[in-house]
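Please look over the sequence and the structure shown here before reading on. The report is meant to be read with both in view.

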Amino acid sequence: MFPVKQHWLCKALGCYDCCIRCIGAVPYPSLVATLLCYAGTALFCGCGYEALAQTEVLVKTHFAREPKDYEVMASFIKYFQFVIYGLASFFFLYGILLLAEGFYATSAVKQTFGEFRSTQCGRCLSLTFVIVTYILAFIWLAVFAFSAIPVFFLFNMEHTCHTINIQAESSPVSLQNWICIDARQFGLLPWDVMPGKSCGMTLAAICKTSEFHSTYDLYIATFAGAGVNLLALILYLVPTTYNYAVLRFLGRKGIR
């Protein structure tokens with residue numbers, strides 16, 4: 001594929017010029033977007049998977065009494081863990097396809113290999129990538145917003161624990177027991193589950209546990225991974241849209 005394998009070209013231009021042409025044939029925007037996509041997907045899927053498992057441990061240990069109280073949440077978590085497997089596989093393949101499309105449509109390839117031929121199939125393929133990437137960007141924007149919900153819940157819980165610790169120095173215990181976090185308000189447990197909430201110094205003790213801090217850190221990493229992946233999709237939109245515009249322009253000029 002690369003001109004360095006064409007020995008007659010290397011002899012004519014020299015190894016240095018041949019390597020420069022090889023480097024110039026790389027679609028750097030697509031390459032950067034692919035690396036960001038893989039990094040964001042790995043961060044989102046890996047940390048998200050572990051965060052869901054830690055959430056189940058946190059809820060069943062401190063907010064529920066019977067296994068039937070959190071069986072709906074456990075089923076929901078298992079479902080999303082399977083979805084994470086699918087997302088990792090999909091973005092791995094889609095990143096390869098977009099990178100290959102970048103190699104195909106980049107103008108550097110045209111300059112390296114001579115006459116560029118814009119076919120109807122090539123323009124249709126580029127348009128398909130543009131549409132699919134736009135749809136994925138909008139969908140992932142919703143995923144990015146959704147991944148902020150557990151971060152908000154745990155941040156609110158940590159702030160509440162901090163308030164309890166401050167009031168423990170000056171307020172009586174009866175006032176501290178009015179400060180609570182109810183897992184049922186965030187949809188983690190059904191409304192008929194008892195106790196479903198934690199208050200006062202019991203809540204402050206939960207915030208000091210290792211499962212709370214690990215879950216909080218994992219959800220922050222998941223949120224960051226979703227943001228990186230969203231940035232990668234936006235970066236993908238720039239070269240794919242540009243490549244399609246170039247292919248369409250060449251098609252109108254009669255270069256086929």
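What follows is a description of a predicted model, going from the whole chain to single residues.

**The chain as a whole**

The secondary structure of the chain consists of ten helices and two strands, and from the N terminus on the order of these elements is α-α-α-α-α-α-α-α-β-β-α-α. The chain has 256 residues, of which 41% are buried, and its accessible surface comes to about 14300 Å², with 69% of that surface belonging to carbon and sulfur atoms. If one takes the contacts between residues at least 6 apart in sequence, 79% of them join residues that are at least 24 apart.

**The nonpolar core**

The largest nonpolar core has 47 residues, and those touching the most other members are Phe63, Trp140, Leu154, Met157, Leu189 and Leu233. At least two residues of this core are supplied by each of helix H3 (28-62), helix H4 (71-105), H6, helix H7 (148-167), helix H9 (200-206) and helix H10 (210-252). The largest share, eleven residues, comes from H10.

Methionine 157 deserves a second look, since its partners can be listed by name. When neighbours within four places in sequence are left aside, methionine 157 is in contact with Phe63, Ile181, Leu203, Ile206, Cys207 and Phe212. Among these partners is Cys207, and cysteine 207 is joined to cysteine 161 by a disulfide.

**The disulfide and two other cysteines**

The structure holds one disulfide, in which the sulfur atoms of cysteine 161 and cysteine 207 are 1.8 Å apart. This pair links distant parts of the chain, for cysteine 161 lies in helix H7 while cysteine 207 lies in the loop between H9 and H10, 46 residues apart. The angle about the S-S bond is 55 degrees, and the link of cysteine 161 and cysteine 207 is right-handed. Cysteine 161 counts as buried because its relative accessible area is 3%, and cysteine 207 is likewise buried, with a relative accessible area of 8%.

Cysteine 45, by contrast, is in no disulfide, and the nearest cysteine sulfur, that of cysteine 37, is 9.6 Å away. Cysteine 45 is nevertheless buried, with a relative accessible area of 7%. Why does cysteine 47 form no bond with the closest cysteine sulfur? The closest one, in cysteine 45, is 9.8 Å from the sulfur of cysteine 47, which is too far for a bond, because a disulfide needs the two sulfur atoms within 2.5 Å. Cysteine 47 also counts as buried, at 16% relative accessibility.

**Residues far apart in sequence**

The table gives three pairs of residues with their separation along the chain and the distance between their C-alpha atoms.

| Pair | Separation along the chain | C-alpha to C-alpha distance |
|---|---|---|
| Glutamate 50 and serine 214 | 164 residues | 9.3 Å |
| Leucine 136 and isoleucine 234 | 98 residues | 9.7 Å |
| Leucine 43 and threonine 222 | 179 residues | 6.1 Å |

Leucine 43 is found in helix H3, and at 32% relative accessibility this leucine counts as partly exposed. Leaving aside neighbours within four places in sequence, leucine 43 is in contact with Gly48, Ala221, Thr222, Ala224 and Gly225, so that Thr222, its partner in the table, is also one of its contacts because contact means heavy atoms within 4.5 Å. Glutamate 50 is found in helix H3 as well, and this residue is partly exposed, at 39% relative accessibility.Leucine 136 has its place in helix H6, where it counts as buried at 13% relative accessibility. Not counting residues up to four places away in sequence, leucine 136 touches Phe90, Tyr94 and Leu233, and Leu233 is also one of the core residues that touch the most other members.

**A nonpolar patch on the surface**

Which residues make the nonpolar surface patch of about 340 Å²? The patch is made by Leu127, Ile131, Ile135 and Ile139. Isoleucine 131 lies in helix H6, which covers residues 120-146. Is isoleucine 131 buried or partly exposed? With a relative accessible area of 45%, isoleucine 131 is partly exposed, because only values under 20% count as buried and values over 50% as exposed. Helix H6 thus holds both isoleucine 131 of the surface patch and the buried leucine 136.

Terms used. Residues are numbered from 1 along each chain as its sequence is written. This is a predicted model: local features need pLDDT of at least 70, side-chain atom pairs count only at pLDDT 80 or more; totals for chains, interfaces and linings use all residues. Side-chain values use heavy atoms; hydrogens and water are left out. Patches are made of residues with over 30% relative accessible area and no salt bridge: like charges are joined within 9 Å, nonpolar side chains (Val, Leu, Ile, Met, Phe, Trp, Tyr) within 5 Å. Accessible areas come from the Shrake-Rupley method with a 1.4 Å probe; for residues, only the protein chains shown count as cover. A salt bridge is a side-chain nitrogen of Lys or Arg within 4 Å of a carboxyl oxygen of Asp or Glu. Helices (H or I, at least four residues) and strands (E, at least two) are DSSP runs, numbered from the N terminus. Buried means under 20% relative accessible area, exposed over 50%, partly exposed in between (1.4 Å probe, protein chains only). A nonpolar core is a set of buried Ala, Val, Leu, Ile, Met, Phe, Trp, Tyr and Cys residues joined through side-chain atoms within 4.5 Å.
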